[in-house]
Amino acid sequence: VRFRRLCEIVSKSFSGESLTLSAFVSEEENEANLSDDGVARMVKLATAVGERIDASQNDGMKRHQKRQKINDCHNDEQLLNNFDPRIPAESKQLCEEITLLHKRYESLFEWSDGPLVQAMKLGDMILLDEMSLAEDAVLERLNSVLEPGRSLVLAEKGDTTSDDGLIVAHETFQLFATMNPGGDFGKRELSPALRSRFTEIWVPPVSDMCDIDLVLKQFLAESDLSVELSSSIGRSILNYVEWFNGTICSDPASPFSDFTLSLRDILAWASFVQACATRDNGYPSAAALYHGACLTHLDGLGLGTAMSAIDTAVVRQEAQRFLQSQNVSITETLIQKPFGNLSLSFSNGQFGIQPFTVPIGPLGLKTSQTQFNFHAPTTSTNLARILRGMQLAKPILLEGSPGVGKTTLVAALAAASGHNLIRINLSEQTDMTDLLGSDMPTPKEAEGPNAASFRWIDGVLLSAIKSGDWVLLDELNLASQSVLEGLNSILDHRANIFIPEIGVTIECPASFRVFAAQNPLGQGGGRK
């Protein structure tokens, strides 16, 4: 792109006109047009140039005069000569900065500070989550940041003697890190040398019933439930949690010792009860309490382990009997037929099995066009369980032997309810760049067939997030631990993903849903 094009863009900023795409389209055939990303970069550079020119206001020129002088320039020398010679120093400095900006635009690669460097310069706080999953080379690179000098040498920039090459942390800069204990699902311990540079704090789980009671009461008090109903539901949940954690999970040798109900499970249970009361005031609280227990706990009992179906069925029956003892309205009929007659319902823009429905998607209702039979007893029960899980803004994991219809059921549900489903098959070779995207070489058509540049291309998962589609992560337990941990921010309450390569945080829209499917651990094939 010629220097004149940059000057024309800067000059428009002095007239108060908005910079649109048309400002970059050349009317002459011999001038190069910009691609979409080139437009964004030119706007950024033009803004920087405009700020520099606008700062040089002591030359006596008015805005329209300065604009005309810029328009008359064809290169940096003419720009220098057109400014008042009484201030050659300022003009020369301005010219040098404009030329530098132009060179930056023409360069194929450009250095961009990462989150750590930005936080060190600005004095922000940075949190390194799941630090023990990082490679040793990354961890060792942090040693100098954790030392009393708190510095970082950017050898990648080439010049390590300047201020840009040697970064000294701002006095308010603070670094935090979190990790799970070593040996926990692929985690490993940090080296003693690295750990000695941290102030370590062990965070115990919230297991005291008094603490849980306070949190649960506060959570239910902020809901739309009545005081009496909130107290009753909270008491039933606490009694069940105390019984299950103390009776079923207390023995370390028991295969159920890892299924202790956490505070996150308890709040999810309470959220489900609240969602049922909000969406359908006539839905019985006892049924909501039972379905919440199945949703957050009982349906997934034994999931991801090699336990037999008989063992899990026995514990599930004990749990159901305890729930009945806590609420007499939880009858045998509710336990045996929790979803009633399993009839499909599509009205008022909702699709599902009452009382559990989801909004019809942008593609419209297509139950008559799908070849899937939703009326088979087992299929309709599994569909109802998925719809029940979708009442919370949490991902849904399906586990079952190959060929039972996990993927097909989710695909049929998406097609029938009018949502676009993106299926992603995971494996040990899958990494985060496959899911989120990366900088890819793209041709510069305007500059000839041999010219090329690099441009950020969204991955399949990031594209689905932006579009608000449904995503099915197939063979989840074949993915590497780094990929699973990288998806945490999408799967939990944050519902967003940070892309460090472009420095952007993408929020997940309300219509975006995540499903996952996997075969049991005993099926082998490198599953975890």
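R423 stands opposite L472 in strand β12. That pair belongs to a predicted model, so please read everything that follows as computed from a prediction. R423 sits in β9, and β9 and β12 pair in the parallel sense over 5 bridges.

Stay with β9 for a moment. Which residues of β9 point to one face and are buried? They are I422 and I424. L421, R423 and N425 point to the other face and are not buried. As background, in a regular strand the side chains alternate between the two faces of the sheet.

Now the sheet around this strand. It is an open sheet of 4 strands, in the order β8-β15-β12-β9, and the pairing is parallel. β8, residues 396-399, and β9, residues 421-425, stand at the edges; each has a single partner strand, so one side of each is left without a neighbour in the sheet. From one strand to the next, the twist averages 20°. In general, strands of a sheet pair through backbone hydrogen bonds, either parallel or antiparallel.

At the β8 edge, the partner is β15, residues 513-518, and the two pair in the parallel sense over 4 bridges. Within that pairing, L398 stands opposite A517 in β15.

A helix goes with this sheet. α17, residues 406-417, lies across β8, β9, β12 and β15. Its direction is about 175° to that of β12.

Next, the packing. The largest nonpolar core has 65 residues, and I237, Y240, F244, I386 and M390 touch the most other members. Take I386 from that list. Leaving aside residues up to four places away in sequence, I386 touches I396, L398, L409, V410, L413 and F515. Two of those names can be placed on what we have already seen: L398 is the residue opposite A517, and L409 falls within α17, which spans residues 406-417. Another core lies apart from the largest one; it has 24 residues, among them A479, L487, I490 and I506.

I490 and I506 come up again with N496. N496 lies in strand β13, residues 496-499. Is N496 buried or exposed? N496 has a relative accessible area of 17%, so it counts as buried; the cut-off for buried is under 20%. Residues up to four places away in sequence not counted, N496 touches S489, I490, T505, I506, E507 and C508.

On to the other sheet I want to show. This one has 3 strands, it is open, the order is β5-β6-β7, and the pairing is antiparallel. Its edge strands are β5, residues 344-347, and β7, residues 356-359, and each pairs on one side only. Direction ignored, neighbouring strands here are turned by 20° against each other on average. β6, residues 350-353, pairs with β7 in the antiparallel sense over 4 bridges. One bridge to point out: the partner of Q350 in β7 is P359. Helix α16, residues 377-389, lies across β5, β6 and β7, and runs at about 125° to β6. I386, from the core list, falls within the residue range of α16.

A loop residue now. Where does S132 lie? S132 is in the loop between β1, residues 125-128, and α7, residues 136-141. Its relative accessibility is 1%, so S132 counts as buried. The contacts of S132, again without residues up to four places away in sequence, are M179, N180, K187, R188 and L190.

Then the empty space. How many cavities of 30 Å³ or more does a search of the whole structure find? The search finds 2. I will describe the second largest, which holds about 40 Å³ of space. Its lining consists of L229, S232, I233, S236, S285, A286, L289 and N327. Helices α11, residues 227-248, and α13, residues 285-298, each supply at least two residues of that lining. The largest share, 4 residues, comes from α11.

Last, the overall figures. The protein has 21 helices and 15 strands. Of its 528 residues, 39% count as buried. Among contacts with a separation of 6 or more, 66% are between residues 24 or more positions apart. One pair to look at in the structure when you go back to it is the one I began with, R423 opposite L472.

How values were computed: Residues numbered from 1 in each chain as written. Predicted model: local features only at pLDDT ≥ 70, side-chain atom pairs only at ≥ 80, totals over all residues. Heavy atoms only, no water. Pairing = 2+ DSSP bridges. Axes fitted to C-alpha atoms, helices over the stretch in contact; angles between N-to-C directions. Contact = heavy atoms within 4.5 Å. Core = buried A, V, L, I, M, F, W, Y, C linked by side-chain atoms within 4.5 Å. Buried < 20%, exposed > 50% of the residue type's maximum accessible area, 1.4 Å probe, protein only. 1 Å grid on protein atoms, 1.4 Å probe; cavity = no way out; pocket = protein on both sides within 12 Å on 5 of 7 lines; lining within 4 Å. Points joined across faces, edges and corners; volume = space filled by probe spheres on them.
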